[in-house]
Amino acid sequence: ALAGRGERLSFALAPPAPSFQPGHTYRFTVDGLAPGPVVALCQGSGVTPLLTVDSPEKFRFGDASGIAALRRAFGEAGVALIVDEADMGEVLRPHPPLKADPASFRPEPYLPLIVPARSPVFCQVLLPANRVGPALRTLLALCGERLGKVEGKLPLHVGLLVANRMFPLYALIEAGQRMLDHPTFMKGRLQRPGWEVCAHDADPFIASYSTARPGSRGFELADLVVPTGAEQLWLTPGYFDFDFLGSTADRHRIRYEEDADGRPVRTAVAYGYLHPRPMPLNCLVELLNVHRVLQRLTQSKRRQLEEALLMKLDEWRLSGASVASVFQPFATATLKRVFGGTWTALDPVDRELVERAAHNGLLLETIELFQHMLKEDASDG
């Protein structure tokens with residue numbers, strides 16, 4: 001999904017088009033085009049062709065979508081307002097609307113990503129927000145394919161930052177370097193595996209894991225076992241973290257501490273007594289599955305669910321961890337009320353997944369990521 005080529009549209013406005021500044025991006029408002037203005041880049045000086053920056057597939061015009069919708073919108077309805085994104089100043093409000101030259105339309109393929117940094121141990125990728133979900137799924141699939149046999153031994157950490165289009169690139173790159181950067185992330189610890197251990201027992205060379213921390217001379221052969229899932233293993237887990245950057249100062253809140261159990265925590269991110277971030281990377285699979293189940297609800301129902309859980313967690317914020325015994329039945333009752341009759345129709349595995357996510361904070365994290373940061377599922381249908 002990440003490697004699939006999208007399309008963008010090159011076009012030129014018919015006279016009397018204004019003279020655009022090279023390298024500037026502009027918002028073109030067309031009546032009837034949803035969900036809003038199209039952002040395009042001026043590739044040269046004067047009235048040279050403009051190139052769409054937005055992903056065309058999100059646009060609708062009448063019964064047309066994608067590139068076809070933009071062709072019809074620019075060619076039939078015309079541009080009613082042009083705004084320069086550099087200062088949000090009005091460039092032109094033509095009357096009648098200014099149409100594009102149909103002969104100038106030229107769709108072209110592109111890869112919707114930029115790689116600002118790459119090394120054998122670190123990589124940063126810029127991509128549109130609507131590609132984040134497919135990108136995460138692709139990354140997990142590749143991780144399982146190429147690192148699955150050494151899960152828990154060779155950690156992969158994944159950080160996600162969301163920012164507006166005009167956010168300074170230097171601050172975004174610096175914030176990306178802050179994410180998951182703490183000595184705790186490289187420490188091993190005894191814990192039960194978070195994956196299906198049966199996938200490892202067929203390989204006699206790498207199937208064994210230690211059931212004890214390494215000594216001064218490393219691991220002892222007597223401590224190595226082929227895991228069954230019941231014992232604790234010495235693992236170095238991968239982690240996932242995400243955040244939204246509304247200003248350059250927000251990057252300074254990305255910092256980590258080591259808790260009493262030796263795990264990394266972000267004290268700046270908490271829902272009452274819950275501290276869900278950063279989460280073990282295997283929880284990202286659960287997060288994506290929770291999102292799939294939540295799509296059965298309308299946006300207003302998801303908002304109702306979020307507000308009910310957050311209100312109680314905030315009320316009980318000072319009560320400490322013992323509040324878990326009270327919060328968990330409350331969260332389950334809230335789920336049943338919000339899902340209504342569809343709750344019993346859910347697959348039992350999905351019901352258990354969503355209940356567990358409501359208890360440990362992963363459900364709230366899912367809503368935060370997909371509904372508030374990535375702005376998915378904006379409709380209420």
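**Exercise 1.** Find the polar contact between the side chains of Arg189 and Tyr239, and place Arg189 in its surroundings.

*Solution.*
1. The side chains of Arg189 and Tyr239 make a polar contact of 2.9 Å. The term means N or O atoms within 3.5 Å, one able to donate a hydrogen and the other to accept it; residues adjacent in sequence count only if both atoms are side-chain atoms.
2. The model is predicted: local features need pLDDT of at least 70, side-chain atom pairs 80 or more, while totals for chains, interfaces and linings use all residues. Residues are numbered from 1 along each chain as its sequence is written, and side-chain values use heavy atoms, without hydrogens and water.
3. Arg189 belongs to strand β14, residues 189–191 (a DSSP run of E, at least two residues, numbered from the N terminus).
4. Arg189 is buried and has no salt bridge; Glu258, the nearest side chain of opposite charge, is 6.2 Å away. Buried means under 20% relative accessible area with a 1.4 Å probe, protein chains only. A salt bridge needs a side-chain nitrogen of Lys or Arg within 4 Å of a carboxyl oxygen of Asp or Glu.
5. Beyond four places in sequence, Arg189 touches residues including Trp234, Tyr239 and Arg263 (heavy atoms within 4.5 Å).

**Exercise 2.** Determine whether Gln124 is buried or exposed, and find its partners.

*Solution.*
1. Gln124 sits in strand β12, residues 123–126.
2. Gln124 counts as buried because its relative accessibility is 11%.
3. A polar atom of the Gln124 side chain lies 3.2 Å from the backbone oxygen of Ile173.
4. Ile173 is also among the contacts of Gln124 outside four places in sequence, as are Ile114 and Gln177.

Technical notes: Helix = DSSP H or I, 4+ residues; strand = E, 2+ residues; numbered from the N terminus. Buried < 20%, exposed > 50% of the residue type's maximum accessible area, 1.4 Å probe, protein only. Lys, Arg positive; Asp, Glu negative; His and termini not counted.
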